[in-house]
Structure formats: C-alpha cells, structure tokens
Amino acid sequence: MTITNGAADTIQHTNGANGAAPAPNIGTVRPADIVGEMQVAYLDYAMSVIVARALPDARDGLKPVHRRILYAMYADLGLTHDKPHKKSARIVGEVLGKYHPHGDVAVYDAMARMAQDFSLRYPLVDGQGNFGSIDGDSPAAMRYTEARLAEISNLILDDLEKETIAWTPNFDNSLEEPTVLPAALPNLLINGANGIAVGMATNIPPHNLGEVVDALAFLIDHHAQIDEITTEQLMRFVQGPDFPTGGILYRYRTDGKNEEEIDAIAQGYSVGRSRMVMQAKAHFEEISRGRSRIIVTELPYQTNKSSLIERIADLVRDGKVEGISDLRDESDRTGMRIVIELTRNADPKTILADLFKYTPLQQTFGMQLLALVDGQPRMLSLKRALQLFIQHRQEIIRRRSEFDLRRARERAHIVEGLLKALDIIDEVIQTIRSSQRVDTARNNLVKNFGFTEVQAQAILDMQLRRLAALERTRLKDEYKALRDRIAELEDLLAHPEKVLALIKTELLAIKEKYGDARRTQIVDRTKGTLTTTDLLPDQTVWVSVSSKGELRRQEVGKLSNTALRQAGRGSDVAVVTANTREPLYLFSTDGRCTRVAIHEIPADGKAELASELGKLSRGDRIAAALTLPATESVPESADQPQGYLFFVTEQGVVKRITQVDLRNANFGAPTVIAVADKDRLGWVFATQGNQEVILVTASGQAIRFAEDEVRSMGLAAGGVGGVKLKKGDKVVYAAVVDLAGELVTLTAEGFAKRTALAEYPSQGRNGGGIVTHKPNERTGLVSAALLLAAAAKGETVVAVTKKGVPKLSAHSEIPAMGRGVQGKQVVDATHSDPVVVIHRIVSATESAAPEAPSEASPTPGPPTDLTPRSVRARADAKPPRAGKGMTPVRAAPMTTPRPRAGDAKANVTSSAAPPPAGKVAPQKRAKGQAAQPATTNVRADVGASTKANDKPSAQGKEKGVATTQPSLFAVEDATPAPAGGGRAKRPQKLQTVVSVPPGQAKKKG
C-alpha cells in the first residue's frame, strides 16, 4: 500500500504475472502478544542493569564502571601510585572511548567516589584537587582535578598480565577488557558497595581490613571443617562494620511487640540483610559556670554535615529544640568539630537526646549484602562472602602459577641449550661460519647437535660476551634457580593446601602493611543517648610528652624494661600516668596552655603531635604536662582543701593559680602566666595550698619557702620573684617539698650527692637561697636535681647525657653529704657529653610492681584527690659547663606527686573492661538484661604524699607543713606520720618508675 498526499493506493503484487515486477523482500512479519513482549524486553533490560551496571562482583567487589576505570588507569595510562597525576578528563576520556559507552558524568562521579576518604574505607584512587567533601560539595570539574591509582590498588590489579582472569570484547569488539580483576584485596567487604538495580538493591557496609583478614585466615586454617564454621565464630574476628567516618554502631535493635532485642549485626552476617542504628560521636565541654557545649567529632556514614547543621538551625528556629545559644562548624584539617553551645543551666543530655531524635546524628543503615555470583545476583552471608573470595584467590594463584611455570620451563629450555652450546662452542661456531644463511645455520645446529629450533635460535642470538667465563657461571646459576622455581611451582600446583597457605601469607602481609585501627565503635546495647565519655574504657595509661609536642600513649602493664622503654620514648618533658577519660594539660614555654583528650592520643605508641589535637602550633615548645582530677571531685565546701597550680620559670619567677580557674578557661590556648621575653616557663605542678616548694639553680643555690607566700593570681598575671639569681644563673629544678626525702644534685660532669631535706631551712620568697652544691671548673655547673624518698634498697638512679646515653647507678652509690660540698663522681660524663637529666627507678624485684589489668578485670579509675599524676620534667636545653661566660640551664626529672601519708584509701569504682575479642553476644536477649559492670575498690595509683613537720612559728605555735615528693607511677600503702611530728615511717610498698629514653644501658648488678 502506498500513501500519497493522504490517499491510499493499493498495489497488488503478483509473481511476474501480467508483466508485474516481483514483490520486494520486506521481511517476515510475526504477530506477538504485546504483554509477553513487554515482559521479555523488561527482563532483558533489568538483567542488563543488574549485571552490567548496578551490582558488584563478589570476587573483586567492583562494579563494571569501577573495574574499567582502574584497568584503564593501570594498563592504558600507567597511572600507578609512583607516577605523576594526570588530568581527570584524560582518564574519563580513556574509559569512555575504550570501555564504558555511557555518560562522562557517570564515569567521573564513580572515579571521584573512589578518591573520597569519607566514602571508601580504603580509597582506591589518589586524587589531587577538589573531589568533594563531607559537606555535600560536588567534585570540581574534571578539567581541574588530577588523579592516579592509590598504592593499595596494586593489590587489585597485580598479575593481570599473567593470564589469571578471563577477558571479553569491549563494546565495539576492538579491544578486550577483563571480566574480573585478580584482587588480592577483599574489596567487597572492606570498601563495601551500594547500588540500585531494577527490583533489587545492594548496600554493603565497609569493614576493617585487619578484621576481615583475620576471619579469612581462620577460614583457611579450618578449611577442612569449613562447613561447621558458624557466623558467631567469624564474628570473633569481624566485630561489625567499620565506617570511614567513624561514629557509633549499636549492636542491638528492638523489634516486635515484645520489644525483644535482636543482634542486628549477627542477623546481617547470617542472612545478609539487617537494619543497624548508627550514631554520631559527641561529648560535653564545660565553658563556664553553669554553661556547657556539645562537641560532635564524628558523624554517621554518608551524613551530609552542612545539611545536618541546617537541620539543627531549623529546629532551634522553629522552637522544637530549646536551650541552644550558638551553633558553628569548627572543622579543619585536624578533624571534624561541630560546636553546639547551650544556654545557662540547659541539660546537655536532654538536648543531645532531642538532636538524636530529630536530626541525622542518629540514623539507620539498611544492610543488603547482595552481589553477583557467577553472573547472577545472590544474597550473601558473611561466611559465603569470605568463601567466594578464597575461591577466587585459589583460581588466580592456580592460573598465575601455571603461567609462571610455563615461562620458567621455556626459559630453562633455552638456558639449557646455551649451556650445552658453550660446552662445544668451537664446533658450534664452525657450523655457523660454514652455513650460507641463518636458516641453514639453524637447521645445521638442530641436525648436527640435537638442539631444538628454539634453542638453535637462542644460540644464534647469543652475544659474544656470553663466551666469558663469568657469563657461563651466571647461566649456570640462572639454570639452577629456574630448576628450583619449577620444582616449587609444580609442588604448589600439586598440593591445594599449599595454595591456601600462600593465600594466608599474602593476606597477612597485606594486613601488616595496610591494616589500621578500627574507627567505628560498636556498643552492645540498643540505641540511646551516649557520649564519647560514656564509651571510653576506664583505663590507666602512660602518656609520654616531648618538648617538640610529640605525644605517645601506652597501656600500663608490668614494669619490665621493655615497658619502660616504650613508655619513655619521646618523654623529655614528662611521663604522665593518667586515665583515658581525663584531659591532658600541656603548657608551652611562653606560658600558654591547651587541653588534649587522652583517648585521642594513639594507643599503639605512635607519636601524635599536640598541634594536631590541641590549640598549640607546631612551633610551640612544650614545658610541662599534667592531668587534673575530674571536675566533680573539685571541693565545693570551704573546709576542704583548694587545689592550686604552681608555675616556675627559668629566671626564678613563680606564680600560683587555682585549678578551678584553669578548668573554667575557655580553651583555645589561654595564657596562664605572662612570661618575659628572655624567660621561659619551666615547671608546673599541683599543690594543696599548705605545702612548701624548693627551687634549685645551676650555680648550686636552693631556696625553700611556703607556697602561700605566693598569692593566687589570675591567668593573665605575670608572677612574682621566687629566687634571686646571679648573672648567668638559671633554675634547673623545682618541686614540692617532702621532708622525709633527700635532694640529689648532679653536675654536668657527673658529680653527685644527696642531702636530707631537713638541712634546707624554710626561708622567705625571693631570697638568694642557701648553698646546696659547690660546683667548680672540674665538676661543671649543677645540671640536674631530683627529690628522693628515704633511702631504700633496690632503687636505681639513671642519669642521661646530652647524647642520650643512660648512666645507671645504685641509690647507695650516691654519697650522703652536706649541702656545701662538691659531691663524688658517680656518672662517667665528659665535656662533650655532659649529664642533662636524672631519673629514679625502683627495681621491680625489690618492690611489688602493679600487675597489668587483664581483659576481663576492671582497671583502676582516676584518683579522687586533687593532686595530678604527673608534673613537669624535661631536659630540652643545652647542658651547662662551669666557667666564665657559661650559662647554666636546667635538666629536671620526670616526676609525679605521691599520696599523702595518713590519707584514706581512695575508693575508685571502675567499669568492667570490654569483653575480649571473640565473645559474641546472643542474637536475642530480653530487654534490660544487660550485664552490670563489675566494680572493685582500688587504691588511687598516684596521689600526694604528705608528712607533717612540726616547726615552731615566730609566735611559738606549731604549724604543720604538708609536703609532697614527686615520683612517677607510684602505688603505695602510706603509713601515717607518728603523733607529735617527727619523721614518718617509709611506706611499706613503693613502686616508682621513671621513663628512660631509648638506648638505655643495662643496670649495674
């Protein structure tokens, strides 16, 4: 039928009849039901989306677009981690033109997500430029950004060239692309995936690499009984999802009318589907009396920070949340910090509960462990996902080994021919010379000497240098190595258990190199209002502080030499015994202070700069460090002692402030003492208000006076004179007086003595002091001093020289002498390597060392008195030498106040430590059946040791002077002072350990 101007003309076609032309071939018309046709077409489209776009492969954990991006960057552009970055537009064009015939936006967005450290737990692309932010900002245009592969991506792409995977033609059949990548990295679990297909979706949370590797190693070790392995056994290693943004994840959720608590994590790992509650990490900070603020430091996974802040502002504006006075974002390169300031007397817990209810600070993560298995979508359990990865690696290693074996055999065949030819080199050369052409020479070699054609060609290609004797030796060595390699590969292929062992070895090496600490904290309870403080373990730790601001944290364990070295690393300022729930106060040499949360310091002993955690800069030098008791322990009644902080500078200026003023300071980094330009803050320690302090100078003078002679001042004040110094003199040590102890003074050349504190009379402030040591040209100036308790067997004094060499001496080796003497040389020191600091260590064999808390036992809590656990100690200045023009400088020990004699034992209640790794909570438990934390009464590990000195005053009255002897890591059973004054008995048990710098020499004896 022909349509012309709307008119239809019918043309009748006949098979050549009546002279008409035959009908053209217009194809076969097949009637079809439109419903069935739509079903088939829709299913084809759906499977195309599922397989080719939306779901990751269970083996390498990648969608096709991600796989194509990584392959193009690796194989076509060579953008490995050690090569320069290239423009993102170049990468996107390469992927579009060769492998991915879709929009450039899809490719660029996929590549940008692989570069975002807040989207992927272990980013696969190293981006340079703006690749988006947690605030929801889009990446910059592809013409502005640059990228290359991250180093960890090598683990996914290695061995591609060894015929380890199958290949498929690209969209126009001009090239081939991999169907899967070798993937030695369990990428599906550690980075997760999310995607929406047709009729199904996947949402796999990221996990910690170390935990996943441990679970894989467990499966490999028990491969023969793999069918009997349960999800609970695997959850001993994989605790739960580990999101890149950290946060809190609740293990349980309440379902059903009976409000049964279901283990959401175990459910997800068992059936592949679950709903889990995520929550932001927040804590409270006191601003001033009656006011506080909420600090949010970590957000739930995939939460938009800008939208969150806008939502909070809308709630305040609409009156749904009351009590918020200010809201600001103080996030910077050091980390996230959302500040929510509250009005006076507002309850921070109530407001935080409202924010969790109405904002994305608390939300649900719907886990769907859906991935492609043999090209079909399958819901996976944790065990099945791990099994599929192991099976994939078995196939990759088998094919890789076959490839290597084939290449090794081929090379061994050639080397064997070369060695054979070298044995008859004259005949071979003659044969080649007599041949007219190359083909003839090759055929003659095969015919005359039995070489294969491959060997004959290799002989013809052999260079004359191969005739040298050394080259022959190298060929023999190469042949032997090839034979060993062939035997090794054949043995590997013949024993599947060795393939599994190789997989485990490779995985453990990956964990060693790329494994890191868990970021998301899992809480064994249903959702609620938890802060960071509620989640912190009540744990006593050692924190070492260096003058450069390096902070390290170690768990308190048995006081072995190894533990001392670990705790003493980078501790030229102080080693603080503290609780993880307490803040650490750091004081700079210019008189400023910052507060650092101890739980934020890395727990593995690695150094973290104070500038990254507090408000000081990298250029600030640290002078002192200490911790203070919790705010609730501050005395409120007038009859209780008031805690103070005492400051001492190098030029003898002293100052006293209340501990409450320091706590109420609005941190920042407020100034706590105004330090003169040519002076530096040197020591900060806590006092009780009725104690005495002693200052020692480099010229050998010492002054002891009551602390109440220095009135309490404001933070910005500059202090008053504590000691009058001669020209060129400096303070080298300052501490709280302990009348039962002794003062050890040590010169730069190693001359030391100890003198009873009773020989140092109390004087008025700002005097010249009295002689405590008489240095001269031979002894050098006084460079270090140390307050010791009464002499005790087993104590060791460690002097550290300028070059960091420790010199150990028994306490008894230091002579007991009067004040005005030169001392005896007990330390081997020289002019080029003088003594700069002195420490005291009590032998663990002579005193009862505190046992390290076990995983199941409670750990000691913070002490309840007002004395901090550590005071200033450092040796960051150049040691002095006596002589004209020589400027003395200090070198002070790392010390901590001791409990006062007669004080009652501090009852500290601590929560039970978290269950050891491997303990899996039951999937269901009745509401309210959570185990109560175990409690125990323990002695505060460090307090203040006070003894009474009945000294008649000018009016004839007796005044008790409380004194404190600084020490470190002290655990004592203090004995009360005898009635009527006098020397108190030495504590029955005393364990004091002072950090020793790396490279400590062995103790004498």
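This is a short walk through one predicted chain, from its overall make-up to two helix pairs and two buried residues.

Okay, so let's start with the whole thing. Keep in mind that the model is predicted. The chain has 1005 residues, and 51% of them are buried. On secondary structure, we have 21 helices and 46 strands. If you take contacts between residues at least 6 apart in sequence, 74% of those link residues at least 24 apart. As for the surface, about 45000 Å² is exposed, with carbon and sulfur atoms supplying 49% of that.

Right, helix pairs. We describe two packed helices by the angle between their axes and by the distance between the axes. Go to α3, residues 88-98, and α4, residues 104-114: their axes come within 10 Å and cross at roughly 120°. That angle is over 115 but not over 145, so α3 and α4 count as oblique to each other. The crossing is right-handed. Who makes the contact? From α3 you've got Ser88, Ile91, Val92, Val95 and Leu96, and from α4 it's Asp104, Val107, Tyr108 and Met111. Sort those by class and you get seven nonpolar residues, one polar and one charged.

Now further along the chain, to α12, which runs over residues 382-423, and α15, residues 453-461. Here the axes come within 9 Å, and the crossing angle is roughly 60°. That makes α12 oblique to α15. This crossing is right-handed too. On the α12 side, the contact involves His413, Ile414, Glu416, Gly417, Leu418 and Ala421, while α15 brings in Val454, Gln455, Ala458 and Ile459. The class count for this one is six nonpolar, three polar and one charged.

Last bit: a couple of single residues. Where does Ile248 sit? It's in strand β10, residues 248-250. Ile248 has a relative accessible area of 1%, so it counts as buried. Also, have a look at Tyr301: that's 53 residues away from Ile248 along the chain, and their C-alpha atoms are 9.8 Å apart.

Then there's Thr303, in the loop between β15 (291-298) and α10 (305-318). Buried or exposed? Well, the relative accessible area of Thr303 is 4%, which means this loop residue is buried. And what does Thr303 touch, once you leave aside its neighbours within four places in sequence? Ile134, Pro360 and Gln363.

That's it from me.

Notes: Residues numbered from 1 in each chain as written. Predicted model: local features only at pLDDT ≥ 70, side-chain atom pairs only at ≥ 80, totals over all residues. Heavy atoms only, no water. Axes fitted to C-alpha atoms, helices over the stretch in contact; angles between N-to-C directions. Helix = DSSP H or I, 4+ residues; strand = E, 2+ residues; numbered from the N terminus. Parallel < 35°, antiparallel > 145°, perpendicular 65-115°, else oblique. Left-handed = near helix turned anticlockwise from the far one by under 90°. Contact = heavy atoms within 4.5 Å. Nonpolar A, V, L, I, M, F, W, Y, C, P; charged D, E, K, R; others polar. Buried < 20%, exposed > 50% of the residue type's maximum accessible area, 1.4 Å probe, protein only. Areas by Shrake-Rupley, 256 points an atom, 1.4 Å probe, with all protein chains shown as cover.
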